[in-house]
Amino acid sequence: MSDFIREVDEEYRRDQAAKFWQKYQNVIIGVAVVVVVATAGWRIWESQRLKAAQASGAQFQAALQLVRENKPKEAEAAFLDIAKSSNPGYQVLARLRAADEISSRDAKEAVQIYDAIAADAAVDPLLQQAAKLRAAYLRIDDADQAEIKQRIEPLAAPTSPFRHTARELLGLAALKAGDMPGAGRWLDMVVADPQTPQSTRDRAQTLLGLVASGATAGQ
C-alpha cells in the first residue's frame, strides 16, 4: 500500500511539475537568459576595466620616467593627459603629479589644482589631505599665518598621518609671523613625537634655535 501511495505521489508531482513548466517556461527561460547575459556582461566589463587600469598604469609609469629623465614639460603634459583618462584612481594621482611639475614654473596654478583636488568629495580623503599640504607648502612664503592655519591646522591632529609636516609648516608660518610662542609650541610637538622622521625632527630643532634666539632678543 505504501508503495502505491508513493507512486501516486510521485506521479502527482511530475504532473504538477509538467503543468508548472508549461505555464512558466517562457519566464524561466527569460530569467536564465538574463542571468547568462548579465554574467557575461559583467565579465566583459571587468576585463575592460582591468585593461584600462593596466593601460593607465603603464602611462603613469612612463610619465614618472620623464620626471626621472628631468623632462618637466613632457612629464607635465603626460600627467595631464592621464588626468583626462577614464580611470578614477590614476586621474587623481596624475592631477597631483601634474601640479607637482607645474609648481616649478607657476606656483599659483599648482595651488589651484591642489585646492580643486582637496575640495573634490570624490577623491580619497588621504589624497585630499596630501593636496592641502602641498598647497600650503607652496603658499608658505606669501600667505599669512591665518591662511596657513586655515589650510592645514586639522592635519596637525595627533591621529593625522600628515601631522609631522603639518606641524612643521605651522611652526614655520608662526615663526615667519613673529609668533614665537606659537612657533615653539608647534615645533616642540614635532620634536616630541617619537614617530617624527629624523629629517623633519632635525629641521624642527634648527627652527627651535631660531625661536629661542628671537624670544631672547625680544626680552
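A crossing of two helices is called left-handed if the near helix is turned anticlockwise from the far one by less than a right angle. Keep that in mind as we walk through this predicted model, because α4 passes α5 in just such a left-handed crossing.

Let's stay with this pair of helices. Helix α4 covers residues 107–119 and helix α5 residues 125–139. Their axes come within 8 Å and cross at roughly 155°. Angles over 145 degrees count as roughly antiparallel, and α4 and α5 are therefore roughly antiparallel to each other.

Which residues in α4 and α5 meet? From α4 come Ala107, Ala110, Val111, Tyr114, Asp115, Ile117, Ala118 and Ala119. Facing them in α5 are Leu127, Gln128, Ala131, Lys132, Arg134, Ala135, Leu138 and Arg139. Sorted by class, this contact of α4 with α5 has eleven nonpolar residues, one polar residue and four charged ones.

Now let's turn to aspartate 193. You will find this residue in the loop that runs between α8 (180–192) and α9 (198–218). Is aspartate 193 buried or exposed? Its relative accessible area is 10%, and since buried means under 20%, aspartate 193 is buried.

What does aspartate 193 touch, leaving aside residues up to four places away in sequence? Its contacts are Arg163, His164, Arg167 and Arg201. With one of these, arginine 163, the aspartate 193 side chain makes a polar contact, side chain to side chain, at 2.7 Å. Proline 158 offers another reference point: 35 residues separate proline 158 from aspartate 193 in sequence, while their C-alpha atoms are 9.2 Å apart in space.

Technical notes
Residues numbered from 1 in each chain as written. Predicted model: local features only at pLDDT ≥ 70, side-chain atom pairs only at ≥ 80, totals over all residues. Heavy atoms only, no water. Helix = DSSP H or I, 4+ residues; strand = E, 2+ residues; numbered from the N terminus. Buried < 20%, exposed > 50% of the residue type's maximum accessible area, 1.4 Å probe, protein only. Contact = heavy atoms within 4.5 Å. Polar contact = N/O pair within 3.5 Å; in protein donor to acceptor, adjacent residues only side chain to side chain. Axes fitted to C-alpha atoms, helices over the stretch in contact; angles between N-to-C directions. Parallel < 35°, antiparallel > 145°, perpendicular 65-115°, else oblique. Nonpolar A, V, L, I, M, F, W, Y, C, P; charged D, E, K, R; others polar.
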